[in-house]
Amino acid sequence: MYTMLFAPFIQQKKRASGKRGFTLVELMISISIFVFMTAFLVSKYGTFNGSILVTNVAYDIAITIRQAQAYGLYVRQGIGGNFDSAYGTYFNTGANDEFKLFVDASGDFFYQSSPADEVLNKYKLKKNMSIKSLCASNSDSTCDSSPVSALSVAFKRPDPTAIITTTPGGPRKRYAKIVVAATDGSTRKIIVRDNGQISIEQ
């Protein structure tokens, strides 16, 4: 009789005692998977972060070139109250952590620091970023010449085309490429064509 009364409780107890938790092997495997996934994500985060930063720098440069184009086309007052000055952006691999927005007071479509400094604004690149290389060519789709150390992209009204030069008063080029890089190896290319088109490529 007592056995019949307590039979449900005895069976429930047997079922409860039959339930088991994680074994040590299962726990070690779970922890190993967690550690592996965490290490993988942390290692990828640095690359992802560098890629985002170098993309932002490339867009900053492209926007500054577009700003020079707007100044040149929409008649910003230049040095000495003149309205016919060209405006441009200047890059130099010797000072590869900065670039300049300038007004062309000398009339050679190239940045000059003397006799009067033509700089309107100097932009410092973000930490761990640099201008890796510059090139300009007469091709409309690629650089067919060796890299250059300096590059200027200027605009002067009423012509909307880009005046791409590598020396003061030098011959105009049809295509320019500015490569920016992060210390982790991520790069972006800013492409400027003489028709005024500006694009960013990987």
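Here are some exercises on the predicted model above, each with a worked solution.

This is a predicted model, so keep its ground rules in mind: local features need pLDDT of at least 70, side-chain atom pairs count only at pLDDT 80 or more, and totals for chains, interfaces and linings use all residues. Residues are numbered from 1 along each chain as its sequence is written, and side-chain values use heavy atoms, with hydrogens and water left out.

**Exercise 1. The overall layout**

Work out how many helices and strands the protein has, and in what order they run.

*Solution.* Start with the terms: helices (H or I, at least four residues) and strands (E, at least two) are DSSP runs, numbered from the N terminus. Counting them gives 2 helices and 9 strands. Now walk along the chain from the N terminus, and you read α-α-β-β-β-β-β-β-β-β-β.

Next, look at the contacts, where a contact means heavy atoms within 4.5 Å. Take the ones with a separation of 6 or more: 57% of them are between residues 24 or more positions apart.

**Exercise 2. Inside and outside**

Find what share of the residues is buried, and then where a nonpolar patch sits on the surface.

*Solution.* Buried means under 20% relative accessible area, exposed means over 50%, and partly exposed is in between (1.4 Å probe, protein chains only). By that rule, 35% of the 202 residues count as buried.

For the outside, areas come from the Shrake-Rupley method with a 1.4 Å probe, and for residues only the protein chains shown count as cover. The protein exposes about 12,300 Å², and carbon and sulfur atoms supply 58% of that.

Now the patch. Its members need over 30% relative accessible area and no salt bridge; nonpolar side chains (Val, Leu, Ile, Met, Phe, Trp, Tyr) are joined within 5 Å, while like charges are joined within 9 Å. L24, L27, M28, I31, F34 and V35 make a nonpolar patch of about 630 Å². One of them, V35, is found in helix α2, residues 24-73.

**Exercise 3. The nonpolar cores**

Identify which residues touch the most other members of the largest core, and which element gives it the largest share.

*Solution.* A nonpolar core is a set of buried Ala, Val, Leu, Ile, Met, Phe, Trp, Tyr and Cys residues joined through side-chain atoms within 4.5 Å. The largest one has 29 residues, and I65, I190 and V192 touch the most other members. At least two residues each come from α2, β1 (86-92), β2, β4, β5, β6, β7 (175-182) and β8 (187-193). Helix α2 gives the largest share of this core, 7 residues.

Zoom in on V192: skipping neighbours within four places in sequence, its contacts include I65, V153, A162, I164 and Y175. There's also a second, separate core of 5 residues, with Y90, F110, Y111 and A150 among them.

**Exercise 4. The disulfide**

Find which cysteines pair up, and say whether the bond is right-handed or left-handed.

*Solution.* A disulfide is a pair of cysteine sulfur atoms within 2.5 Å. Searching the whole structure turns up 1 disulfide. C135 and C143 form it, with their sulfur atoms 1.8 Å apart. The torsion about their S-S bond is about 85°, so this disulfide is right-handed. Then check the surroundings: C135 is buried at 7% relative accessibility, and C143 is buried at 18%.

**Exercise 5. Salt bridges**

Locate the salt bridges, and say whether their residues are buried or exposed.

*Solution.* You're looking for a side-chain nitrogen of Lys or Arg within 4 Å of a carboxyl oxygen of Asp or Glu. The whole structure has 2 salt bridges. In one, D97 pairs with K124, with the closest N and O atoms 2.8 Å apart. This pair links distant parts of the chain, 27 residues apart: D97 is in the loop between β1 and β2, and K124 is in strand β3. D97 is partly exposed at 30%, whereas K124 is exposed at 57%.

In the other, K100 meets E98 at 3.0 Å, N to O. Both K100 and E98 are buried.

**Exercise 6. Backbone oddities**

Find where the cis peptide bond is, and which loop holds its proline.

*Solution.* The bond from R157 to P158 is cis, with omega near 0°. P158 lies in the loop between β5 (150-156) and β6 (159-165).
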